[in-house]
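I opened a new notebook page for this chain. My plan is to go through the sheet, the aromatic rings and the backbone, in that order.

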Amino acid sequence: MAKLVIKFNDTVIDQIVLKQGDVNIGRRPGSDILLDNMAISGNHASIFTIGEDSFIQDLNSTNGTFVNNKRIAKHHLENGDVVSIGNHTLTYINENAAKGGANLAKTVIINPHQQEGLLAEAAKASVPAARPVAKEPAPEIARHGSLFILSGANNGKRIDLTQPVTNLGRAGRRAGVISRSGNRYVLLPGDNNEAPRLNGAKVGSSGEELKNGDMIEIADARMQFYLK
């Protein structure tokens, strides 16, 4: 379960449990997280939660959104991250992630050079004078992309990107195209070079490869790409 601890001038004023899907942050009445301060834009930022992952995106606010004192456009939140918006801070707490971190602390990390040395020593001990055996490349793990519709006619729906080409937009008029090749997904302009926006910037004619958590805007719809 993920939550936000909200402070104003270092005083805790609220705690919010993050629901699945989109949570809006801003000064505008009706915002999911209402922060009534003139330094905050009406529609300042949003947090999208899917499973145990949460992503924050600045919505072209006037004064910006900061995570751990760095201005961000989009950020995958981690346990303990501090989001600063105006004079408010929102500390992201993910209890499951915190428990996972304790287990990770017990893991011994070996860098690639150490690993090669250990493998070589083991090979010499077990097979004297044996010729080196060529390593087979590790098989690529299949990952599947999906779109989560955050606003527009299909708000709340999920689209699994299982086809080599997925057309976005109304029937008969493509506002954008997602091309799939293995684990690689590329967002391309639609008909008449109509350009969708990726993380706030227009997509060029050569397209842009999609990454986990990317925000896509097409016409009046907003959606998030999720790769699992």
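**Sheet.** I count two strands as paired if DSSP finds at least two bridges between them. I keep in mind that this is a predicted model.

With that rule I looked up the strand order. I found an open sheet of six strands, ordered E2-E1-E11-E10-E7-E8, with antiparallel pairing. Next I asked which strands stand at the edges. They are E2 (11-17) and E8. Each has a single partner strand, so one side of each lacks a neighbour in the sheet. I also noted the twist, which averages 30° from one strand to the next.

I then zoomed in on one pairing. How many bridges join E7 to E8? I got three, and the two strands run antiparallel. One residue pair I wrote down is Thr65 with its bridge partner Ile72 in E8. A reminder to myself: strands of a sheet pair through backbone hydrogen bonds, either parallel or antiparallel.

**Whole chain.** I listed the secondary structure of the protein chain: two helices and 21 strands. Of its 228 residues, 36% are buried. I checked contacts between residues at least 6 apart in sequence, and 37% of them join residues at least 24 apart. The exposed area is about 14,200 Å². Carbon and sulfur atoms supply 51% of that area.

**Aromatic rings.** I paired rings whose centres lie within 6.5 Å. The count came to three aromatic pairs.

I took Phe48 and Phe148 to begin with. Their ring centres are 5.9 Å apart and their planes stand at 50°. Planes under 30 degrees apart would count as stacked and over 60 as edge-to-face, so the pair is tilted. Where in the chain do the two sit? Phe48 is in strand E5 (residues 45-50) and Phe148 in strand E12 (residues 145-151). The pair links distant parts of the chain, 100 residues apart. I checked burial too: Phe48 and Phe148 are both buried.

Then I turned to Tyr185 and Phe225. This aromatic pair is tilted as well, at 5.4 Å centre to centre with 55° between the planes. Tyr185 lies in strand E16 (residues 184-189), and Phe225 lies in strand E21 (residues 221-227). The pair therefore ties together parts that are 40 residues apart in sequence. Are these two buried or exposed? Tyr185 has 1% relative accessibility and counts as buried. Phe225 is buried at a relative accessible area of 0%.

I also looked for clusters. Phe48, Phe148 and Tyr226 form one aromatic cluster.

**Positive phi.** I scanned the backbone for residues other than glycine with a positive phi, and noted two asparagines.

Asn69 has phi near 70°. I located Asn69 in the loop between strand E7 (65-67) and strand E8 (70-72). That ties back to my sheet entry, where three bridges join E7 to E8. With a relative accessible area of 71%, Asn69 is exposed.

Asn199 has phi near 55°. I found Asn199 in the loop between strand E17 (197-198) and strand E18 (201-202). Why is Asn199 called partly exposed? The label follows because its relative accessibility is 30%, and partly exposed covers what falls between the 20% cut-off for buried and the 50% one for exposed.

Terms used
Residues numbered from 1 in each chain as written. Predicted model: local features only at pLDDT ≥ 70, side-chain atom pairs only at ≥ 80, totals over all residues. Heavy atoms only, no water. Phe/Tyr/Trp six-rings, centres within 6.5 Å; stacked < 30°, edge-to-face > 60°. Helix = DSSP H or I, 4+ residues; strand = E, 2+ residues; numbered from the N terminus. Buried < 20%, exposed > 50% of the residue type's maximum accessible area, 1.4 Å probe, protein only. Contact = heavy atoms within 4.5 Å. Areas by Shrake-Rupley, 256 points an atom, 1.4 Å probe, with all protein chains shown as cover. Axes fitted to C-alpha atoms, helices over the stretch in contact; angles between N-to-C directions.
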